[in-house]
Amino acid sequence: MAKNTSVSKAGSGGAKAKPQPKASVDGKTIRAPLTQNPHAIRDTREKVLEVAIGREVRAFRKKLGITVADLAVATDISLGMLSKIENGITSPSLTTLQALSRALGVPVTAFFRRFEEERSAVFVKAGEGLDVERRGTRAGHQYNLLGHIGSNTSGVVVEPYLITLTEDSDVFPTFQHEGMEFLYMLEGEVVYRHGSNLYPMKPGDSLFFDADAPHGPEQLTQLPMRYLSIICYPQNSAG
């Protein structure tokens, strides 16, 4: 992926605009603006119970597509009080929470989800990944699962694999499954197929694609070969 970025001046003050990431596809340069800041840190006040409740109330209200005024009418709670609750300024009573739960159609416990929910992490030491059976294993492809988190706050399941192909591996270019997949070559060389396109890959090369198209190693150019395969798909999918 090309890392071409441009910087322009905005206004008379000469403020620099944020560089826009670019990617080159079939000889064409495509701007790919990324809106998420990976270095952003959430408000530490999220650990405060009032803030956690307020964010859940706002999220459920917006999901229903109603305004604060609509919620005020449905709960008989003043606009001012609802504003304080959603902004985490005040601690609502149990009676108020019950009124909100009825109006929003959720159990009272749903307001405490963000406060009580734990975020998971999986640490795997070198050589301790789990060998798993996947389509292609019979062809001599070794799949080493490097971690797995099932239900999570993102709504996405991610499966990171270290895949090893040896002299005994067969060409197997017909994988096809739901979701997206990212490949990163570590060792060896391969010609990788995605749909009708072929990509010669060497260490350091990567390939990111829609996994619903037929894909897989077409030609094992240099063995042994190792690459990372990161597959992601919605939690409600079978994968």
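Student: In this predicted model, how many bridges join strand β6 to strand β7?

Tutor: Strand β6 covers residues 141-145, while β7 covers residues 156-165. Within this pairing Gln142 stands opposite Thr164, and the bridge partner of Leu145 is Tyr161. The two strands run antiparallel, and the number of bridges that join them is five.

Student: Why is strand β6 described as largely enclosed by the rest of the structure?

Tutor: A residue is taken as buried when its relative accessible area is under 20%. Strand β6 is largely enclosed because, of its five residues, the number that are buried is four.

Student: Which strand pairs with β7 over ten bridges?

Tutor: Strand β7 is itself mostly covered, with seven of its ten residues buried. In the pairing over ten bridges, Val158 stands opposite Cys232, and the sense is antiparallel. The partner strand in question is β11.

Student: Which strand gives the most residues to the largest nonpolar core?

Tutor: This core holds 20 residues, of which Leu183, Tyr192, Met201, Met225 and Tyr227 touch the most other members. Strands β6, β7, β8 (180-194), β10 (206-210) and β11 (215-234) each supply at least two of its residues. The strand that gives the most, with five residues, is β11.

Student: Which residues does Met201 touch, leaving out those up to four places away in sequence?

Tutor: Met201 is one of the five core residues that touch the most other members. With residues up to four places away in sequence not counted, Met201 touches Leu183, Met185, Gly188, Glu189, Val190, Tyr192, Ser206 and Leu207.

Definitions and conventions
Residues numbered from 1 in each chain as written. Predicted model: local features only at pLDDT ≥ 70, side-chain atom pairs only at ≥ 80, totals over all residues. Heavy atoms only, no water. Buried < 20%, exposed > 50% of the residue type's maximum accessible area, 1.4 Å probe, protein only. Pairing = 2+ DSSP bridges. Core = buried A, V, L, I, M, F, W, Y, C linked by side-chain atoms within 4.5 Å. Contact = heavy atoms within 4.5 Å.
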